Amino acid sequence: MTEPTPLEKAFGLSGKHALVTGGGGGLGLAIAKALAAAGARVTVAGRRADVLEAAKAEIGGDVASRTMDLSDLASLKDAAADIEASRGAVDILVNNAGNTVKKPFEEQTAEDFDRVFDVHVRGALELTRCIVPGQAARGGGSVIFLASMTSFIGQPFVMGYTTAKSALLGAVRGLSAEYASRGVRVNGIAPGWIDTALFRAATSNDAARLNKILGRIQMGRVGQPEDIGWAAVFLASPAAGYVTGQTLVVDGGALVGF
């Protein structure tokens, strides 16, 4: 076998098993593709089996799928156990799955709020609780949470999403403090505006909104899904071996833009 190059040793994920929630499409699919390209065997999880099967075919290589509903907290322990029994211990957990409710705050109900919070926060933390003890027992692992621009800036009509994504910044800090001494690194990625189907649908008939977004981004363009995928590879890899408790903003300079 050919000896890995120094670059492969730093950024390669050969021999690692990555679990990506919401891995059937959008940013989750881009993350899964990038992790697979870096050498990891990947399991994509989500609610829709047909979407996951299509993602498997698109990713190629050593990839499997598992249906999972993060809002069903009681089911996650068995789901995690099944994945590890069939695919091996999870070395890299990417908590990407999400949803949203878009309404003015005065029209949002407690049920609307719970629907979002149950996936982004409660579900992600419960799945992490199922995976991270094994990582700690083995002396190493990586957990990544997908935060958002709304973790840092205000956007109207998505109060549940904003609150949930802001909570994930605290989850990253709190979990990193608990697990750093046991070899588990916990970080976040906060994507900016990325060229996904959702972004195009939201801006295709709203030139004013698109111009406002582009005017804020220092690089003058929206990002590509693979920009988030490669950020995940970095945070999961040995190259980020001294990085924990951080949320990496990948936004073309929008957060600090003028």
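Among contacts between residues at least 6 apart in sequence, 70% join residues at least 24 apart in the protein chain. Keep in mind as you look around that this is a predicted model.

The protein chain holds nine helices and seven strands. Its radius of gyration is 18 Å, close to the 18 Å that the globule rule gives for 258 residues, so the chain is as compact as a globular protein of that length. Taken along the principal axes, the C-alpha atoms fill a box of roughly 55 × 40 × 40 Å. Of the 258 residues, 45% are buried. The chain exposes about 12,500 Å², and carbon and sulfur atoms supply 55% of that area.

**Strand β1 and its partners**

A good place to start exploring is strand β1, residues 17-21. Five of its five residues are buried, so the strand is largely enclosed by the rest of the structure. Which way do the residues of β1 point? His17, Leu19 and Thr21 point one way, while Ala18 and Val20 point the other way, and all are buried.

Next, look at what pairs with β1. Strand β2, residues 41-46, runs parallel to β1 and is joined to it by five bridges. Strand β4, residues 92-95, also pairs with β1 in the parallel sense, here over three bridges. Ala18 is a handy residue for following both pairings: its bridge partner in β2 is Val42, and its bridge partner in β4 is Ile92. Helix α2, residues 26-37, joins the picture too, because β1, α2 and β2 make a right-handed β-α-β unit.

**Three residues to visit**

Here are three residues from other parts of the chain, with their places and relative accessible areas.

| Residue | Place | Relative accessible area |
|---|---|---|
| Asn96 | loop between β4 and α5 (110-138) | 12%, buried |
| Arg182 | loop between α6 (159-179) and β6 (184-191) | 42%, partly exposed |
| Ala190 | strand β6 | 0%, buried |

Asn96 takes us back towards β1. Not counting residues up to four places away in sequence, Asn96 touches Thr21, Gly22, Leu27, Gly28, Ile31 and Leu146. Thr21 is one of the residues of β1. A polar atom of the Asn96 side chain lies 3.1 Å from the backbone oxygen of Gly22. Asn96 counts as buried because its relative accessible area of 12% is under 20%.

Is Arg182 buried, exposed or partly exposed? With a relative accessible area of 42%, Arg182 is partly exposed. Leaving aside its neighbours within four places in sequence, Arg182 is in contact with Ala136, Gly139 and Gly140. For a sense of distance, try Met219: Arg182 and Met219 are 37 residues apart in sequence, and their C-alpha atoms are 39 Å apart in space.

Ala190, in strand β6, is the last stop. What does Ala190 touch, not counting residues up to four places away in sequence? The list is Ala147, Ser148, Phe152, Thr247, Leu248, Val249 and Val250. At 0% relative accessibility, Ala190 counts as buried. Its C-alpha atom is separated by 22 Å from that of Asp114, and these two residues are 76 residues apart along the chain.

Notes
Residues are numbered from 1 along each chain as its sequence is written. This is a predicted model: local features need pLDDT of at least 70, side-chain atom pairs count only at pLDDT 80 or more; totals for chains, interfaces and linings use all residues. Side-chain values use heavy atoms; hydrogens and water are left out. Buried means under 20% relative accessible area, exposed over 50%, partly exposed in between (1.4 Å probe, protein chains only). Helices (H or I, at least four residues) and strands (E, at least two) are DSSP runs, numbered from the N terminus. Two strands pair if DSSP finds at least two bridges between them. A crossover is right-handed if, with the strands pointing away from the viewer, the path from the first strand over the helix to the second runs clockwise. A polar contact is a pair of N or O atoms within 3.5 Å; within protein, one must be able to donate a hydrogen and the other to accept it, and residues adjacent in sequence count only if both atoms are side-chain atoms. Contact means heavy atoms within 4.5 Å. The radius of gyration is taken over C-alpha atoms; the globule rule is 2.2 Å times the number of residues to the power 0.38. Accessible areas come from the Shrake-Rupley method with a 1.4 Å probe; for residues, only the protein chains shown count as cover.
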